[in-house]
Amino acid sequence: MWRDLFQRHGALIVLAAVVVAAGAGLDGFLTAGNLDNVAVGASFLAVIALGMTFVIVTGGIDLSVGTVFALAGVLAAWASQYGSAAALLVPLVVCGAIGALNGALIARAGLAPFIVTLASMLGSLGLMLAVSREGTVTHLVPDGLALTPLVHGRLLGLVGHPVLLVVVLFAAGGVVLGRTRWGQYVYAVGGNEQSAALMGVPVGGVKAAVYTLSGLCAGLAGTLNAVWLGSGVTIFGIGTELEAIAAVVIGGTLLTGGYGFVAGTLAGVLLLKVVQNVINAVGGLSSAYQEVVSGLFLVVVVLAQKWLSRPGAAAPTAPHGPSGPARTGAP
Amino acid sequence: MNDTPEYAHPSPRSRPRLLTVAAACTLVLLATACARGEEPAGGGDGGGDTEGQAQVLDEAAAGDQTCAIDQYGGQGYDLSDVKVGFSQSEAESNPFRITETESIKAEAQERGVELITSNAQSDFSRQITDVQDLISQGAEVLIIAPLNSDGWKPVLDETRERGIPIITVDRAINGTACEDFVTFIGSDFAEQGRRAADKTIEALDGEGEVAILLGTAGNNVTTQRTEGFKERIGAEAPGIEIVFEQSGDFTREGGQSVTEQLVQSDPGIDAIYAQNDEMGIGAVTALEGAGKGPGDVAIVTVDGTRGAVEYIIDGWIHAVIESNPRFGPLAFEAAEAFGSGEEVGTNLIITDREYDASNAEAEVGDAY
């Protein structure tokens, strides 16, 4: 079952190889400070990608998370003048509502996730520009906000608090997706919607829930990022969702739905960020190559997935859609 | 705080010839890479940063706050012994960014200083990790071209703790001078806006409708270029009305698409103020596409890139206010002086020239 092993842990294996190689070849890579910087820098994308994993496992996509992330940051910075509770609640409520709206339109009205979330992507961008008056006003997080030391703190002076939060969220996400009845429903909806419905899975409810969860995750990531940066930066937006999707796919989750795991997503996020760090550390390599390398990883992973899920290959343990007609001589 | 600005900087003109030659080579390369192959920049003395090109400080505009290393915290250093990190904000597809990076690199090479660089490709979270990576790699002095003025808390916390001096170029970081950063080197953007307004008023004879193509939101350049422009128009030309303001994100495509919308909704527009050359060139393309001819709409832009100055010669652009990106010499001088314990002004403002029909042809060689 080494194929299943690679599908599950491919990103982790590559990540380990990159870390070992970079640690051997680059001074200053394996220092606590550098690793913490990479991990904290990755944690905001990780939270977004966690929600995205659930969406993609149902066979959907959420393009709105990038601008929802930006909107949440601006809202959190704006609301932080009223205290930490407001800074947390306002963006979570708004972003949760955007996610719920996505879910309702996709589950109840039967619209395509791509179109619905594209619309809410643009809508959130507009809302963000409205709150920041076309981006001319940057709201600052006031000094002394109770949340600030919570986000900036380090456990034992080493591990940044956002990293701890990511570990907790991914552990919870892993349990929910892998060990609960609801998690099985998520897989079932992504595997085959009709059969899931026949088996009594509340398809609509599951879909509505995953998009709401994705909106909440993007909202939480944006809020944390705003507190981390000390201001509601307005120049985030389109692009982050693609990075999240890339991380999920590199992590072994199939874009066709029905198969995937949150641990892989975490490895995918870390892989993207470690590659960025390594390319920065290799002097003389233009940072433009980061995109090239990320793109290459994506192609390799998708090719591997295609090869692994070809008819006759050892099937992954979870259902992942009907298999195609038998072919011979597949690569 | 010291009352007198004691920042000792030799005039950039007295910089050794080697630098000039190095810079000339880069500029020649860049110039030949340009779409319209013009003859190489520079003239008589074979210099790259010729008198017309080198940045010159405006002593009057600088303000009198200074910063020395014992106020800022951290250890003194000899610039030739330390690693300098440079974080560029935007992709080098804009001549301003190309020239800026090349100027920093050429100066580092000239001085024999070890330089490590990164480019955030307009991604702000990436610029934060870029700068943290530069620190991890041992950068002891940072030169930063910030993408955004706010949002630097994680970096500033780290540099303050380690006493790493930050010199920001072209855009500012919002914070306290001599606490969060050592100095800002750049143009007086409000003055650029005021001068652009003067040129617009001159082109329109004080009467007409003008549209503003704004830069990227969230940084001091866009804000101040807008404020200065509006202030001068409001004070000097009540007959000029600002009817349209939209961001073209400092890109050529942005300037073009915003101008396309503009000429559809308001075909009678008299003037366009583009807050950088790239957007101004995009506006020319859009106007050409809409059937307008050179001079139908008076365009005033800021930067001084070769492409824009050539459009003055062609009659499309009325005037270009310069914003000089050759930050290398001044940035390294400031870093050197600061490391040796001297007082450095916290707000180093450079003087900018301007191009219009009267000098464009003669001085296009100074453009980048």
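These are my notebook entries on a predicted model with chains A and B.

**Entry 1. Chain B overall**

I began with the make-up of chain B. I counted twelve helices and 15 strands in chain B. Of the 368 residues in this chain, 60% are buried. I then looked up how far apart in sequence the contacting residues lie. Among the contacts in chain B with a separation of 6 or more, 78% join residues 24 or more positions apart.

**Entry 2. The annotated domain of chain B**

I consulted the UniProt record next. An unreviewed entry there gives the annotation "domain: Periplasmic binding protein" for residues 91–337 of chain B. I looked up the secondary structure over residues 91–337 of chain B and found 48% helix and 20% strand. The C-alpha atoms at the two ends of this stretch are 30 Å apart.

**Entry 3. B:Gly345**

I asked myself whether B:Gly345 is buried or exposed. I found 26 other C-beta atoms within 10 Å, and 20 or more suffice for the term, so B:Gly345 is buried. B:Gly345 belongs to strand 13 of chain B, which comprises residues 344–345. I also noted a partner distant in sequence: B:Thr183 is 162 residues away along the chain, yet the C-alpha atoms of B:Thr183 and B:Gly345 are separated by 6.6 Å.

**Entry 4. Helix 6 and helix 7 of chain B**

I took up a helix pair within chain B. Helix 6 (residues 189–204) and helix 7 (residues 220–236) of chain B have axes 7 Å apart and pack at an angle of about 40°. This angle makes helix 6 of chain B oblique to helix 7 of chain B. I recorded the crossing of these two helices of chain B as right-handed. From helix 6 of chain B, the residues in this contact include B:Phe189, B:Ala190, B:Arg194 and B:Ile201. From helix 7 of chain B, they include B:Val221, B:Phe229, B:Arg232 and B:Glu236. By class, I recorded eight nonpolar, six polar and eight charged residues for the contact of helix 6 with helix 7 of chain B.

**Entry 5. Chain A: annotated segments**

I returned to UniProt for chain A. An unreviewed entry annotates "transmembrane region" on several stretches of chain A, among them 38–56 and 151–177. I checked these two in the model. Residues 38–56 of chain A are 100% helix and 0% strand, with the end C-alpha atoms 25 Å apart. Residues 151–177 of chain A are 70% helix and 15% strand, with the end C-alpha atoms 27 Å apart.

**Entry 6. Contact of chain A with chain B**

How many residues does each chain give to the contact? I recorded 26 residues from chain A and 23 residues from chain B. On the side of chain A that touches chain B, helix 2 (32–57), helix 10 (203–229) and helix 12 (262–281) of chain A each supply at least two residues. This side of chain A has eight nonpolar, 17 polar and one charged residues.

**Entry 7. Helix 12 of chain A against helix 4 of chain B**

I closed with a helix pair formed across the two chains. The axes of helix 12 of chain A and helix 4 (residues 124–136) of chain B cross at roughly 50° and come within 10 Å. Helix 12 of chain A and helix 4 of chain B are therefore oblique to each other. I noted their crossing as right-handed. Helix 12 of chain A makes the contact through A:Gln276, A:Asn277, A:Asn280 and A:Ala281, and helix 4 of chain B through B:Thr129, B:Asp130 and B:Asp133. I sorted the residues of this contact into one nonpolar, four polar and two charged.

Methods. Residues are numbered from 1 along each chain as its sequence is written. Chains are lettered from A and ligands numbered from 1 in the order in which they are written. This is a predicted model: local features need pLDDT of at least 70, side-chain atom pairs count only at pLDDT 80 or more; totals for chains, interfaces and linings use all residues. Two residues are in contact if their C-beta atoms, placed from the backbone, lie within 7 Å. Helices (H or I, at least four residues) and strands (E, at least two) are DSSP runs, numbered from the N terminus. Ala, Val, Leu, Ile, Met, Phe, Trp, Tyr, Cys and Pro count as nonpolar, Asp, Glu, Lys and Arg as charged, and the others, Gly among them, as polar. Axes are lines fitted to C-alpha atoms, for helices over the stretch in contact, and angles run from 0 to 180 degrees between N-to-C directions. Angles under 35 degrees count as roughly parallel, over 145 as roughly antiparallel, 65 to 115 as roughly perpendicular and the rest as oblique. A crossing is left-handed if the near helix is turned anticlockwise from the far one by less than a right angle, and right-handed if clockwise. UniProt positions are given in the numbering used here, feature names are shortened, and annotations may be inferred rather than shown by experiment. A residue is buried if 20 or more other C-beta atoms lie within 10 Å of its own, exposed if 12 or fewer, and partly exposed in between; C-beta atoms are placed from the backbone.
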